[in-house]
Amino acid sequence: MNSLDLPILFGILLLLIILSAIFSSSETGMMALNKYRLKHHAKSGNKAAIKAQKLLRTPDRLLGVILLGNNFVNIFASSIATIIAMQLLGEAGIALAAGLLTLVVLIFAEVAPKTLAAMYPEKIAYPAAYFLEPLLKLLYPIVWFVNFFANGFLKLFGARLHQEESYALSQEELHTLIDEATGQLPSHYRSMLTSILQLESVTVEDVMIPKQEVYGVNIDQPIEAILKAIQKSPYTRIPLYRGTIDDDLIGILNLRRALPTLMRSNVSLKDLVKLTRPAYYVPETTSLNIQLDKFNKNKRRMALIVDEYGDIQGLLTMEDLLEEIVGKLSTDAKSKEPQAVEMNEDGSWTFDAGEFIRELNKQYQFNLPTDGPKTLNGLLQEELESLPNIGTCIRIDGYVLEVLETSSNAIEKVKLIELT
């Protein structure tokens, strides 16, 4: 080496620095690859992605061959730099060469290429896979020898090596992935995906139509009155009962199936009762994801929600459940979206106290508590432990709620002020 001309030595040194930069960027690029995107590209037939995925299955071997090559070229470069320094400055130049080489390698063979690889991992890692794979095969005996001692040392500290990596994400991680990594996805699609993830944590009680709002027909009245009530129904499925829905529920009448009978002039109550289908009951604690599956398996589109004592609490339809995923399906009378809403000049809101807290949170981006009562009326009465007087104010989680109207047994209107 000492006999080589300086231009040749400088050429060798430049080549070694370039090789060092390639090894450094390959290491960072491989480790920075998005595992899900890599898996997708590999399934799509991308040859570079397939090679990269294969290399990453044994990260100890991959790092072994990269670091083996990187350290070799760096040490070789140090030797060349020393020879150049001695030819130019003698022994006094050795220290200067070491300092300059350290600076050059740090900038051009470490920081700069690794930063570039971290920013564009696929552009660096995919081409690198083509030379790393044959290099690993060529140097496998040396890599195996190095890994044998390195892995043995790690096992002393209880490290588990060569276990299959799990790419499973938790629900919270999936939420973050949807919110942060789907910029090209329209907002309403992101909202749908988020709603699907929340089905497990939402129960049928949270989205049901309360019992007092269920449209049913009492058959303890003349047939003419029954038929008029059926004609006025905004729904296609109606509970028929005697007295009250709690006393004697006859069944559920499907108006589409009953239409031929209803068109007859001599329809009787007995005809209507024969057309009813037994009610389908569901516990109020059932989660929406389970109930969606039960609707499909039982071929039902409506369920009556009961509490632990078997008392009816409300009604749930397939449409109500789907609206939790895709949003409002229609503008019919069954919509549970807030109707009586006023935006006041001072920035406050006026709501009917019977509105569902979850619906308000979704539509107006509030953060009112949903782990207790389902309506504003229930929330206020639980917090105050009594039916408050008009003008009563209370602060709940960054919101001030003021009672505007009351009846004999409930709060009717509430003013909501969001504190900033």
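Before I begin, a word on terms: when I speak of a helix, I mean a DSSP run of type H or I with at least four residues, and the helices are numbered from the N terminus. Please also keep in mind throughout that what we are looking at is a predicted model.

Let me start with serine 20, which lies in helix H1. Its relative accessibility is 0%, and because buried means under 20%, serine 20 counts as buried. If we set aside residues up to four places away in sequence, the residues that serine 20 touches are Asn70, Val73, Asn74, Ala109 and Glu110.

The last of those names takes us to glutamate 110, whose place is in helix H5. Glutamate 110 is buried as well, with a relative accessible area of 18%. Leaving out neighbours within four places in sequence, glutamate 110 is in contact with Ser20, and also with Ser24, Asn70, Asn74 and Val105.

Now I would like to turn to helix H6, which runs over residues 121-138 and so has 18 residues. From its first C-alpha to its last, helix H6 reaches 25 Å, which is close to the 26 Å expected at 1.5 Å a residue. Where does H6 bend? The bend, of about 40°, is at alanine 129, and Ala129 is also one of the residues of H6 that are buried. The others in that buried list are Pro121, Ala125, Tyr126, Ala128, Leu132, Glu133, Leu135 and Leu136. As for what covers these buried residues, the cover includes helix H1 (6-32), helix H2 (35-43), helix H3 (47-56), helix H4 (59-89), helix H5 (93-119) and helix H7 (140-155).

Further along the chain, I would point you to a pair of helices, H9 at residues 187-198 and H15 at residues 318-326, which pack at an angle of about 125°, with their axes 6 Å apart. That angle makes H9 oblique to H15. On the H9 side the contact is made by Met192, Ser195 and Ile196, while on the H15 side it is made by Glu324, Ile325 and Val326. Sorted by class, the contact of H9 with H15 has four nonpolar residues, one polar residue and one charged residue.

Finally, let us look at a loop residue, glycine 347, which is found between strand E8 (341-343) and strand E9 (349-352). Is glycine 347 buried, partly exposed or exposed? With 38% relative accessibility, glycine 347 counts as partly exposed. The C-alpha atoms of glycine 347 and leucine 416 are separated by 9.3 Å, although these two residues are 69 residues apart along the chain.

Terms used
Residues numbered from 1 in each chain as written. Predicted model: local features only at pLDDT ≥ 70, side-chain atom pairs only at ≥ 80, totals over all residues. Heavy atoms only, no water. Helix = DSSP H or I, 4+ residues; strand = E, 2+ residues; numbered from the N terminus. Expected span 1.5 Å × (residues − 1). Bend = angle between axes of the 7 residues up to and from the residue. Buried < 20%, exposed > 50% of the residue type's maximum accessible area, 1.4 Å probe, protein only. Contact = heavy atoms within 4.5 Å. Axes fitted to C-alpha atoms, helices over the stretch in contact; angles between N-to-C directions. Parallel < 35°, antiparallel > 145°, perpendicular 65-115°, else oblique. Nonpolar A, V, L, I, M, F, W, Y, C, P; charged D, E, K, R; others polar.
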